[in-house]
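Open the model in a viewer and keep the sequence panel visible. The stops below go from the nucleic acid to the protein copies and then to a sheet.

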Protein chains: 2
Amino acid sequence: MNTSPPRSLRHAAGRPSPTLEDLALAAGVSRSTASRAINGGDRVSPAAQAAVDRAVVALGYIPNRAARSLVTRRTSSIALVIPEPDVRVMMDPFFAVVITGITEALRETDVQLVLLMSRTDDDSARTLRYLRGGHVDGAIVVSHHEADSWARSLAETGLPTIFIGRPWDMTFDVTYVDTDNVGGGKLAAQHLSGIGRRRLATVAGPADMTAAVDRLRGWKAGLAEAGLPEGPVVHADFTTDGAAAAARLLLAEHPDIDGIFAASDLMALGVMEAIQAAGKTVPGDIALMGYDNHAVAETASTPLTTITQPMVEMAVKAGSMLLEEIEAPGSHPEPVIYSTRLVERESTSVAPTASAANA
Amino acid sequence: MNTSPPRSLRHAAGRPSPTLEDLALAAGVSRSTASRAINGGDRVSPAAQAAVDRAVVALGYIPNRAARSLVTRRTSSIALVIPEPDVRVMMDPFFAVVITGITEALRETDVQLVLLMSRTDDDSARTLRYLRGGHVDGAIVVSHHEADSWARSLAETGLPTIFIGRPWDMTFDVTYVDTDNVGGGKLAAQHLSGIGRRRLATVAGPADMTAAVDRLRGWKAGLAEAGLPEGPVVHADFTTDGAAAAARLLLAEHPDIDGIFAASDLMALGVMEAIQAAGKTVPGDIALMGYDNHAVAETASTPLTTITQPMVEMAVKAGSMLLEEIEAPGSHPEPVIYSTRLVERESTSVAPTASAANA
DNA sequence: AATTCCGGTGGGAGCGCTCTCACGCTGTTC
DNA sequence: GAACAGCGTGAGAGCGCTCCCACCGGAATT
């Protein structure tokens with residue numbers, strides 16, 4: 001077992017930065033008082049506080065985080081765990097949004113975000129060791145299908161953890177934020193039935209991802225409410241190509257379909273390909289819906305009606321929930337579910353396709 | 001001046017993790033020997049090494065990074081600085097690629113990536129303080145137009161730093177990796193002239209970004225080599241809407257243009273809009289090129305011919321260069337420039353538009 | 001007038017680690 | 001056989017910080 005840095009970093013800081021002792025000396029107080037002044041100023045006279053403040057500026061004092069962390073056993077950093085083996089997934093704007101949101105939540109804090117990506121099982125072990133090693137005060141796990149094992153392992157360490165996206169395994173205490181995928185799926189069913197489509201099908205996501213399962217459940221519920229039959233369901237892997245293949249089969253078996261709900265915009269793109277390849281039009285012959293309100297939904301040759309979800313808010317919430325749980329350990333906050341909203345575009349307009357050509 | 005954590009984290013680790021002392025006791029050696037065994041095993045007898053190794057496994061020992069860092073003055077973490085005020089930019093897949101690449105470079109290392117985003121000037125100051133504070137061993141700065149001030153400030157701290165994308169201000173020692181934007185611009189000119197277009201124009205990026213300036217320089221050089229006039233140049237801000245507006249003006253003033261090079265794929269999308277709004281077709285009337293090989297280049301209604309660049313490799317290189325410079329301070333490595341490549345798609349095909357409808 | 005209280009203060013210990021240094025102990029050399 | 005390497009080892013100091021505790025003096029209470 002190798003616990004040492006495989007490649008260590010050798011770097012001596014330029015000139016030695018001033019220590020707390022230097023600061024205290026410059027301010028004419030004791031090290032203790034200087035420390036108190038720096039950490040919120042409890043039990044410090046205004047005079048002493050002012051003297052320390054002045055010295056901080058004069059010396060350009062910056063507390064040594066390692067020393068502080070050594071004694072407080074707090075690191076002022078949290079980890080964002082991305083348990084994805086695939087570079088492709090990292091390309092998903094989803095992550096950018098998540099990172100942005102968390103950073104936003106951390107703004108008024110001096111907490112730093114440490115990025116942990118584990119592509120392989122080997123990495124996973126290392127990452128887990130890192131988290132367990134108390135190098136961070138908490139973690140946010142972006143939950144895709146792999147998250148289950150993480151959830152359990154992390155729960156066992158007692159490290160404050162928030163999941164973004166409901167983890168698959170919920171047999172123990174786990175805090176998460178998520179969007180209302182069930183509601184989103186239902187919204188899709190309501191919209192497509194609302195514009196008069198009656199022979200509806202869906203290209204669902206993988207059956208081992210909670211988001212996909214939930215969207216499908218909502219979709220079915222929505223159809224039932226509208227008094228429509230469940231209709232055909234095919235699964236794909238959230239990729240454009242995968243959805244195109246699935247849709248080809250779907251269309252071949254059910255040539256009379258007049259509405260399709262794809263569980264992601266990227267998949268909707270693939271479905272659109274298949275529809276056009278079958279010589280049909282969107283929305284003329286088949287109304288098409290996506291999910292996510294991804295950038296491509298707007299730029300697609302026929303802009304996609306889709307479901308949008310407040311991802312940034314969700315990420316911000318995850319960040320602030322984590323901070324809360326770190327400050328008050330044991331206070332397991334309730335999961336927060338964000339509602340979704342329909343975004344109408346041409347792909348479900350009743351009028352025939354009017355792609356491009358808009359002054 | 002507030003140097004204190006505005007909101008501090010209070011978290012006590014579960015049960016106390018074993019210390020080096022515990023480890024030494026368990027292994028039957030001194031703390032010193034245990035330390036040596038853990039750090040590479042110099043001057044440690046095989047017997048002692050084995051005993052320590054066994055104890056590490058038995059106790060689940062994980063060295064305390066804070067303590068180590070306190071004495072070594074190394075942190076085993078590097079910062080990725082994203083000096084972008086705008087969330088939109090964060091959405092750029094560019095960042096995902098950069099992060100992926102750096103992570104890749106750090107794989108066999110226990111170096112962690114700390115993410116530093118500074119949206120406001122206020123944040124910039126904090127970020128700079130953080131970097132200066134010796135919390136990281138080095139930094140990678142993703143250079144967009146703001147990078148100038150960063151470059152100078154960081155250079156002054158002596159912190160090992162690598163820029164991704166040539167910084168604007170090069171009046172001092174700075175190490176960077178970049179792609180050959182000049183070559184890419186030239187490639188665009190060669191391709192458009194090569195397919196017989198003669199009345200060429202370009203929608204360039206902002207004049208305060210090196211990437212934009214370089215692409216434009218290459219474009220002009222390429223036109224000159226082909227014996228063509230420089231042609232009209234308009235600038236836009238790398239956004240779709242901005243480029244659309246710029247292109248409308250361009251087309252109004254020069255209705256006879258038969259080829260346009262947009263300095264990014266997103267801008268090319270805007271240009272395409274403007275072309276279609278003017279009642280013309282791509283590539284029938286006007287051949288259109290983008291840059292970046294962004295995902296939208298492929299999904300656009302008329303897929304875009306574009307310039308691709310090895311971004312992942314570039315990011316990996318940045319990471320490994322930083323590690324090198326950290327290990328051997330003062331060894332300012334030479335800048336590395338990656339070459340670009342043309343990707344042909346329909347937007348410059350000689351045949352008339354065949355958008356969609358491909359079995 | 002004697003007591004308690006409490007805001008403000010400084011001294012000291014110690015967080016877990018690395019690193020210098022001095023001490024054996026086995027080989028090698030003259 | 002005396003002198004010297006040099007390897008493996010352990011004791012000890014100390015990195016910069018926080019926190020506990022004891023202390024002091026003036027205000028509030030008896």
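How far is a phosphate oxygen of DNA strand C from an N or O atom in the side chain of B:Arg68? The distance is 2.8 Å. This is a predicted model, in which local features need pLDDT of at least 70 and side-chain atom pairs count only at pLDDT 80 or more, while totals for chains, interfaces and linings use all residues. Residues are numbered from 1 along each chain as its sequence is written, chains are lettered from A and ligands numbered from 1 in the order in which they are written, and side-chain values use heavy atoms, with hydrogens and water left out.

**Stop 1: DNA strand C**

Stay on DNA strand C and add the side chains of A:Arg43 and B:Asn39. An N or O atom of the A:Arg43 side chain is 3.0 Å from a phosphate oxygen of this strand, and for the side chain of B:Asn39 the distance is also 3.0 Å. Polar contacts of this kind are pairs of N or O atoms within 3.5 Å; within protein, one atom must be able to donate a hydrogen and the other to accept it, and residues adjacent in sequence count only if both atoms are side-chain atoms.

Now select helices H2 (31-38) and H4 (65-72) in chain A and in chain B: these are the elements that give two or more residues to the surface near DNA strand C. A residue is near a strand if one of its heavy atoms lies within 4 Å of it. Helices (H or I, at least four residues) and strands (E, at least two) are DSSP runs, numbered from the N terminus. H4(B) gives the most, with five residues.

Around DNA strand C there are 27 residues, of which A:Thr33, A:Ser45, A:Arg73, B:Leu20 and B:Tyr61 come nearest. Of the strand's atoms within 4 Å of the protein, 64% belong to sugar or phosphate and the rest to bases.

**Stop 2: DNA strand D**

Move to DNA strand D, which 28 residues surround; the closest are A:Leu20, A:Tyr61, B:Thr33, B:Ser45 and B:Arg73. Here, too, sugar and phosphate account for 64% of the strand's atoms that come within 4 Å of the protein.

Three contacts to phosphate oxygens of DNA strand D can be displayed:

- A:Ser35, through a side-chain N or O atom, at 2.8 Å
- B:Ser30, through a side-chain N or O atom, at 2.9 Å
- A:Asn64, through a backbone N or O atom, at 3.1 Å

Which helix gives the most to the surface near DNA strand D? It is H4(A), with five residues.

**Stop 3: the two protein chains**

Superpose chain B on chain A. A turn of 180 degrees and a shift of 0.1 Å along the axis lay B on A with an RMSD of 0.2 Å, which is the relation of a two-fold axis. The fit is by least squares on the C-alpha atoms of residues with pLDDT of at least 70 in both copies. Of the interface residues of chain B, 100% are also interface residues in chain A, so the copies meet through the same surface.

**Stop 4: a sheet in chain A**

Finally, select the open sheet of four strands in chain A, with order E7-E6-E8-E9 and parallel pairing. Strands E7 (233-235) and E9 (287-289) stand at the edges with a single partner strand each, so one side of each has no neighbour in the sheet. Strands pair if DSSP finds at least two bridges between them; E6 (residues 200-204) and E8 (residues 259-262) of chain A have four. In E8(A), A:Gly259 is the bridge partner of A:Leu200.

How values were computed. Contact means heavy atoms within 4.5 Å.
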